[in-house]
Amino acid sequence: METGLKYAQPSTQKGRTDVNSVTNWNAPLVWEGTFDPVVIDAIYKKMDPRVAVVVFAVGKYTRFLKGFLESGEKYFLVDFRVTYYIFTDREQDVPKIKLGNGRNISVITVPSANRWQDVVLGRMKWATITIDKQNTERKDFPYERRPTSKAYIPPDDGDYYYTAAVWGGCLEEMYKLVKYCYEQSEEDAKNNIEAVWQEESHLNKYLLYNKPTKVLSPEYLWSDYDRVPADIRVVRIFQLVKNYEEVRPNGGN
């Protein structure tokens, strides 16, 4: 550890006992109070990683970019090298904001879409459903339950329900994930079926059989319109309340 770093002494006696902080395959499940941000930042700053944030803002969703980017510059990996890759059909609507040192915005133009489902399927997911409450029975998860879909998960299978709004990892692993989701959704399309939550359903199928090395708790995506339960001490990412009939190209249907 670098000289002069100040952090709390680690303890084997104190910690979060009110929540599950590890999966049954021994990957950490990240909650406030399960890590020291000072130590974590010090470790990764030595590595000097380049971080990519992929954002899809198609149609009227560009109106949310300014708040998202300003919040990212204030809170997300401050002092790290970050590039925001913004995929949009309205390049002129991408806001000009002040960026920190080593931080950039790269705009990639993509076609517009007539249905919001097509935006989701074609642009690798920004999911809109709320993270299900902990302790939900796996049979109640909103997985794809039709055996005719490539995203099918049997009622007695499943670990968690993963939202496709927030996920990430090494480039090689992310390529495997997005390629799988894309190819499986294409196979469904050939058979005239669309998974219940589009590529999010395929994402959940992939992660069921390719266990993630770290799982983020509901702190990392909570809905503005849901009451925050006591076990969530910090909401790190809020999902905005949106009028889907107004912002989606086909009215949210």
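The following exchange examines how terms are applied to this predicted model.

User: What are the ground rules for numbering and for the values?
Analyst: Residues are numbered from 1 along each chain as its sequence is written, and side-chain values use heavy atoms, with hydrogens and water left out. In this predicted model local features need pLDDT of at least 70 and side-chain atom pairs count only at pLDDT 80 or more, while totals for chains, interfaces and linings use all residues.

User: How many helices and strands are there in the protein chain, and what makes a run count as one?
Analyst: The protein chain has 6 helices and 7 strands. Each is a DSSP run, numbered from the N terminus: H or I over at least four residues for a helix, E over at least two for a strand. Their order from the N terminus is β-α-β-α-β-β-α-α-α-β-β-β-α.

User: How do you know that β3 pairs with β4?
Analyst: Two strands pair if DSSP finds at least two bridges between them. Strand β3 (residues 81-88) is joined to β4 by 7 bridges, so the criterion is met; the two run parallel. Within this pair, Val82 stands opposite Arg103 in β4, and Ile86 stands opposite Val107 in β4.

User: What makes β2 and β3 a pair?
Analyst: They share 8 bridges in the parallel sense, and Ala57 stands opposite Thr88 in β3. Between these strands the chain passes through α2, in a right-handed β-α-β crossover. That term applies if, with the strands pointing away from the viewer, the path from the first strand over the helix to the second runs clockwise.

User: Why are β2 and β4 said to stand at the edges?
Analyst: The open sheet has 3 strands in the order β2-β3-β4. β2 (50-57) and β4 (103-109) each have a single partner strand, so one side of each lacks a neighbour in the sheet.

User: Why is the largest set of 14 residues called a nonpolar core?
Analyst: A nonpolar core consists of buried Ala, Val, Leu, Ile, Met, Phe, Trp, Tyr and Cys residues joined through side-chain atoms within 4.5 Å. Buried means under 20% relative accessible area, exposed over 50%, and partly exposed in between (1.4 Å probe, protein chains only). The largest core meets these terms with 14 residues, and Trp31, Leu177, Leu203 and Leu207 have the most contacts inside it. The elements giving two or more residues to this core are α4 (171-190) and α5 (199-209). Another core, of 11 residues, lies apart from it and includes Ala57, Leu65, Leu69 and Val82.

User: What share of the protein chain counts as buried?
Analyst: Of its 253 residues, 37% count as buried.
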